[in-house]
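Q: Could you take me through one part of this structure slowly, and explain how it sits among its surroundings?

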Amino acid sequence: MHTTSSLAPIAPATAYANTALKVSQLSWAIEGKTILSEISFALPQGEMLGLIGPNGAGKSSLLRCLYRFIRPAKGHISLFSQDISELSPKAFACKVAVVQQDTPQYFDMTTEQLVAMGLTPHKGMFDTNSSGDGEKIAKALEKVGLSHKVHQQYDRLSGGEKQRALIARAIVQQPQLLILDEPTNHLDIRYQIQILELVRSLGISVIASIHDLNLASALCDHLLLLDKGQVSAMGTPSQVLTEERIAEVFGVCAQVTPHPQHGNPLINYFYGYQKPQGVAADEVHSHTHQKQGGHP
Amino acid sequence: MIDTLKLVTMNLLTQILTPLTRQQWLILGLVGFALLTPIAAASFGAANIGFLDVLHVFISKFNYFFASDEAARTSSMTERIVMELRLPRILLAFVAGAGLSLAGSVLQTVTRNPLADPYLFGISSGASFGAVVMLTLFTGSGLFDNAGVIANSGIFSGSGTFAGLLWFSLPFGAFIGASLSVLIVLALAGLGLKSQVERMLLSGVATSFMFSALTSLLLYFASPQATASVLFWSLGSFAKASWSLLVLPSLVVLVSFMIILGWKRQIMALQAGDETAHTLGVNVPKLRLNMLLLCSLITAILVATCGGIGFVGLMIPHTVRLLFPGRQPIFLTALVGGLFMVWIDVLARCLLGNQELPVGIITAAIGSFFFLLILRRRKLSS
């Protein structure tokens with residue numbers, strides 16, 4: 001049952017039969033400053049985990065540890081019960097694909113070439129792209145709705161199209177785990193929803209850092225709330241997104257009600273950092289409680 | 001009936017014509033030009049040998065291999081000039097141009113710096129330093145006048161063992177100098193991912209200045225002939241070309257080309273940023289260091305063989321990229337670089353009636369002009 005104490009119901013790592021990713025006691029510091037400390041969580045296979053938290057909470061650093069761009073000072077990360085440090089760069093890239101926020105300026109490639117880069121870890125030294133690869137690329141482009149932009153320069157795509165092209169590249173990489181670092185940044189709301197739905201529809205395990213709490217609440221199976229490098233809460237959206245926790249971690253005053261469509265928390269922010277007069281806070285609370293009562 | 005026929009022919013025509021875009025026509029033309037180049041380029045020079053004469057020589061040589069006909073074996077003066085002087089020279093120019101362009105293209109990609117070129121990493125100044133050390137060593141023993149002429153003019157006929165030693169030791173010294181500067185750059189760049197590119201570029205520039213200063217110091221105390229000789233050498237020339245001299249550069253450039261082709265995907269992935277390349281399974285710092293090593297090897301060998309030929313490594317990759325946008329043309333870059341160098345060398349041979357110009361001067365002059373022209377056209381069209 002739900003409690004309003006600040007201690008989060010952290011999902012035990014052994015609770016799932018098929019764990020895609022398991023992180024235990026992960027810590028990382030740079031120049032004496034602790035960025036991540038004692039982070040433990042597990043991601044069941046095929047689920048989508050949203051990583052939320054304020055700026056500087058360590059979301060990107062955590063993801064970078066997961067895709068081995070930075071080496072944590074302490075802790076273990078295992079992918080399908082194999083320690084990730086045992087994998088070669090190539091073998092790791094065959095299992096984990098990453099979509100980052102931005103690409104460099106000096107970049108001369110067509111959309112198709114960018115998507116074809118996803119084949120890199122699967123290819124040997126002199127392997128050329130087979131017709132099967134061509135099909136794979138075409139299918140991925142179709143899936144993200146970019147079939148008409150195949151030969152266009154990647155530089156000239158719009159923000160949303162760029163993001164979708166990067167996801168198409170990740171699809172071509174055929175990963176078992178997909179990591180996305182703020183995939184919805186700089187996108188208008190339609191593409192924010194579209195991209196997360198697209199990622200969800202792939203049916204693979206996904207970790208995505210997301211700024212918009214409502215978006216995270218609506219589209220993720222589980223949420224991991226980071227605060228100052230520590231896990232503040234982990235669980236289903238309704239377990240994690242409570243008014244108290246949002247106030248504590250993000251420093252804003254909010255009202256949480258069940259979303260009319262999917263029942264997950266819907267967050268309304270109050271401007272001026274405090275609850276205005278006349279809003280029946282208790283009523284809102286009882287809604288949340290009822291809903292969470294239905295989901296043990 | 002006529003309408004359907006018209007439609008069919010129209011469809012056929014578009015099917016034949018549309019698959020060849022402007023880029024593909026350009027490539028086709030380039031390959032054709034490349035095939036004609038050896039014959040055409042060999043018909044320029046001091047001796048009056050025409051296009052057809054060269055063609056005749058090539059055909060008779062071709063026959064020589066397949067039919068050991070006595071008549072085909074006799075070698076005329078024309079044949080000797082074409083086969084022993086001009087052809088190796090054309091091939092050396094091609095290899096040098098292709099190698100430098102390849103090195104430039106790869107370095108620009110792996111450092112993601114559009115200004116990177118083989119000489120940016122101190123290779124050329126290191127090579128010059130090595131060459132100057134060798135030259136001044138021989139000047140000290142009073143043998144320079146003789147040897148310097150020989151080292152530069154490409155006439156190796158009977159002038160004593162010391163001259164032969166210099167002819168051998170100048171490229172050797174250049175190679176040692178180039179390797180030394182590369183080792184310094186590599187040691188400073190390191191295998192860490194953090195700021196590897198900046199360290200590479202900055203240490204390259206610093207090494208370059210250091211060796212230039214040392215070279216200037218040596219030249220300041222050296223004889224005027226030595227200075228002139230070093231200047232001539234540093235501007236580059238293919239006059240020394242012979243079949244035996246061609247072996248090592250060709251081998252190095254060819255093997256490097258194969259290696260670069262084999263790692264093409266990884267090199268291209270680096271273009272999208274270190275972090276992206278990492279997520280695509282590329283060991284970024286190691287790949288970058290290896291590519292720097294490979295490009296340095298190409299450049300050191302070429303500088304040692306032909307002297308310092310600047311600007312090709314910087315300009316050709318950009319030209320090819322501007323001409324063929326959205327392609328990753330490793331093969332085309334090598335081809336264009338090679339062809340460019342061959343025709344630059346033809347100009348070097350023919351511009352002045354009785355004297356050869358150093359190719360380095362022409363590459364820089366024509367190259368920069370041509371490059372500015374392309375840049376302007378691109379800017380206008382986009």
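A: In this predicted model, helix H5 of chain A is largely enclosed by the rest of the structure, because 12 of its 14 residues are buried, where buried means under 20% relative accessible area. Among these buried residues are Gly160(A), Leu166(A), Ile167(A) and Val172(A), and the list also includes the charged residues Glu161(A), Arg164(A) and Arg169(A). The helix covers residues 159–172, and at 1.5 Å a residue it should span 20 Å, which agrees with the 20 Å between its end C-alpha atoms. H5(A) is followed by Gln174(A), which has a positive phi, near 50 degrees.

What covers the buried residues of H5(A) includes, from chain A, strands S6 (96–99) and S7 (177–181) and helices H3 (111–116), H4 (131–143) and H6 (189–201), but H13 of chain B also takes part in this cover.

That last element leads to the contact between the two chains, to which chain B gives 29 residues and chain A gives 31 residues. Together the chains bury about 2600 Å², with 55% of it on carbon and sulfur atoms, and on the side of chain B the residues that lose the most area to chain A are Arg265(B), Glu275(B) and Leu280(B), together 29% of what that side buries. Glu275(B) also forms a salt bridge with Arg64(A), in which the closest N and O atoms are 2.7 Å apart, and the rule finds one salt bridge across this interface. Helix H13 (274–279) is among the helices of chain B that each supply at least two residues of the side touching chain A, as are H11 (243–262), H12 (264–271) and H15 (312–323).

Notes:
Residues are numbered from 1 along each chain as its sequence is written. Chains are lettered from A and ligands numbered from 1 in the order in which they are written. This is a predicted model: local features need pLDDT of at least 70, side-chain atom pairs count only at pLDDT 80 or more; totals for chains, interfaces and linings use all residues. Side-chain values use heavy atoms; hydrogens and water are left out. Contact means heavy atoms within 4.5 Å. Buried area is the accessible area (1.4 Å probe) that two parts lose on being put together, summed over both. A salt bridge is a side-chain nitrogen of Lys or Arg within 4 Å of a carboxyl oxygen of Asp or Glu. Helices (H or I, at least four residues) and strands (E, at least two) are DSSP runs, numbered from the N terminus. The expected span of a helix is 1.5 Å times one less than its number of residues. Buried means under 20% relative accessible area, exposed over 50%, partly exposed in between (1.4 Å probe, protein chains only).
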